[in-house]
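Got the structure open in your viewer? Let's take a walk through it, one selection at a time.

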Amino acid sequence: MSNSQYLVIGATGKTGKRVISKLRAAHKTVKAASRSGSVIFDWNDKSNWPDVLRNVKAMYVTYFPDLAIPGAPDDIRALCELARQQNVGHITLLSGRGESEALACERIVTSSGMSWTVVRASWFMQNFTEGLFAQFLMDGSVALPVGDVKEPFVDIDDIADIAFDSLINDKHKNKLYEVTGPDLLSFSDVVEAFNQAFQRKGAFHQISLPLFSENLTRIGVDEGAIAILHYLFTEVLDGRNANLADGVQQALGRPPTSFKTFLQKNRHVFD
Ligand SMILES: NC(=O)c1ccc[n+]([C@@H]2O[C@H](COP(=O)([O-])OP(=O)(O)OC[C@H]3O[C@@H](n4cnc5c(N)ncnc54)[C@H](OP(=O)(O)O)[C@@H]3O)[C@@H](O)[C@H]2O)c1
């Protein structure tokens with residue numbers, strides 16, 4: 001019997017849950033995998049990975065917390081090797097733009113022997129609606145250790161559209177899509193756009209890295225997540241990503257979603 005199911009690793013995450021909805025709407029059989037998913041999967045416990053990968057035709061992989069952490073290449077290699085043994089045909093990897101460490105993981109995927117798609121994404125717009133920064137916006141004070149550097153935030157509905165299509169459509173085989181939104185925005189620009197869209201009076205403040213850590217610890221963010229945020233704010237947000245890429249247009253034949261449209265779509269979050 002040939003493999004017939006679709007596997008999503010990071011099933012409860014921002015992009016994973018969207019890809020699952022699309023697969024289910026297309027009447028595909030889905031294994032929704034994460035520590036609390038309907039299929040249990042833990043990056044820190046490989047004991048059931050062969051079961052998770054059994055009877056899988058194609059998989060969408062989101063790594064947690066970030067492909068830049070030291071153990072990520074070993075985990076991605078182990079996953080790909082087991083996937084090959086189980087005759088998984090295709091892997092789509094969500095990667096991070098401007099993260100040199102993530103390149104090692106991308107290379108493992110692209111030389112895995114499976115067909116592949118890499119979606120190399122800029123910062124998500126949804127960090128402001130579903131992630132850590134949502135609460136900062138709601139509270140009216142976004143205090144981050146960053147200045148005027150600009151980032152082309154991407155709407156993860158665009159990422160999910162690409163990831164879904166890559167699992168079911170051969171045209172995305174062995175393609176790398178670098179995806180960004182169409183607007184280069186500083187964090188201060190983001191707060192300004194939010195204020196304009198929702199008639200708010202939020203403020204942006206640049207703060208020191210130690211104060212940022214202190215604030216995060218106070219609201220219960222764990223040390224591992226703080227370390228990743230330090231890495232992102234000090235290394236990745238140094239201007240290297242302050243340029244647009246056309247991965248959404250290439251993959252979907254339409255422009256990426258703008259920040260303005262994203263805010264309008266998410267009006268309900270802030271009402
Ligand atoms: N956020 C961004 O702006 C951005 C930009 C570019 C790339 N990325 C990449 O996107 C990926 C996802 O990041 P995210 O912050 O947006 O998270 P997310 O996908 O919203 O959520 C994390 C997912 O990982 C699962 N998870 C957490 N710990 C796990 C573990 N030990 N084993 C298995 N599953 C685990 C969680 O489910 P359970 O709790 O049920 O396990 C959840 O499904 C990361 O690789 C990140 O580098 C993010």
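Start with the second largest pocket, which holds about 150 Å³ of space. Keep in mind as you click around that this is a predicted model. To see the walls of this pocket, select Q135, F136, D139, S141, A143, I207, F212, N215, R218 and I219. By class, that lining splits into five nonpolar, three polar and two charged residues. Now colour by secondary structure: α5 (133-139), β7 (141-144) and α8 (209-218) each give at least two residues to the lining of the second largest pocket.

Next stop, the largest pocket. Its volume comes to about 1,600 Å³. There are 46 residues lining the largest pocket, so select just a handful to begin with: K14, Y63, F64, P65 and D66 are the ones nearest its centre. Which helix supplies the largest share of this lining? Select α9 (223-236) and you have it: six residues of the lining come from α9. Add α1 (14-25), β2 (30-34) and β5 to your selection, since each of these, like α9, supplies at least two lining residues. The lining of the largest pocket has 21 nonpolar, 15 polar and 10 charged residues.

While you're here, zoom in on the link between F64 and P65. Is that peptide bond cis or trans? It's cis, with omega near 5°. Follow the chain either way from P65 and you'll see that P65 belongs to the loop between β4 (56-61) and α3 (72-85).

Now show the ligand. You'll find it sitting in the largest pocket. Around the ligand there are 24 residues, and T12, S34, R35, S36 and Y63 come nearest. Y63 is worth keeping highlighted, as Y63 is also among the residues nearest the centre of the largest pocket. The shell around the ligand divides into 10 nonpolar, 10 polar and four charged residues. Strand β5 (residues 90-96) brings the largest share of that shell, with three residues.

Time to get the distance tool out. Try K14 first: one of its backbone N or O atoms is 2.9 Å from an oxygen atom of the ligand. Then go to G10, where a backbone N or O atom lies 3.4 Å from a ligand oxygen. For a side chain, pick D42, which places a polar side-chain atom 3.1 Å from a nitrogen atom of the ligand. How much of the ligand's surface does the protein bury? Taken alone, the ligand exposes 890 Å², and the protein buries 86% of that.

For the last stop, select N87. This residue is not a glycine, yet N87 has a positive phi of about 60°. You'll spot N87 in the loop between α3 and β5. From there, step along to β5 and you're back at the strand that gives three residues to the shell around the ligand.

Key:
Residues are numbered from 1 along each chain as its sequence is written. This is a predicted model: local features need pLDDT of at least 70, side-chain atom pairs count only at pLDDT 80 or more; totals for chains, interfaces and linings use all residues. Side-chain values use heavy atoms; hydrogens and water are left out. A residue is near a molecule or strand if one of its heavy atoms lies within 4 Å of it. A polar contact is a pair of N or O atoms within 3.5 Å; within protein, one must be able to donate a hydrogen and the other to accept it, and residues adjacent in sequence count only if both atoms are side-chain atoms. Accessible areas come from the Shrake-Rupley method with a 1.4 Å probe; for residues, only the protein chains shown count as cover. On a 1 Å grid over the protein atoms alone, a cavity is a set of points where a 1.4 Å probe fits but cannot get out, and a pocket is an open set with protein on both sides within 12 Å along at least five of seven lines; lining residues have an atom within 4 Å of a point. A molecule sits in a cavity or pocket if more than half of its atoms lie within 2 Å of its grid points. Helices (H or I, at least four residues) and strands (E, at least two) are DSSP runs, numbered from the N terminus. Ala, Val, Leu, Ile, Met, Phe, Trp, Tyr, Cys and Pro count as nonpolar, Asp, Glu, Lys and Arg as charged, and the others, Gly among them, as polar. Grid points are joined across faces, edges and corners, and a volume is the space filled by probe spheres set on the points.
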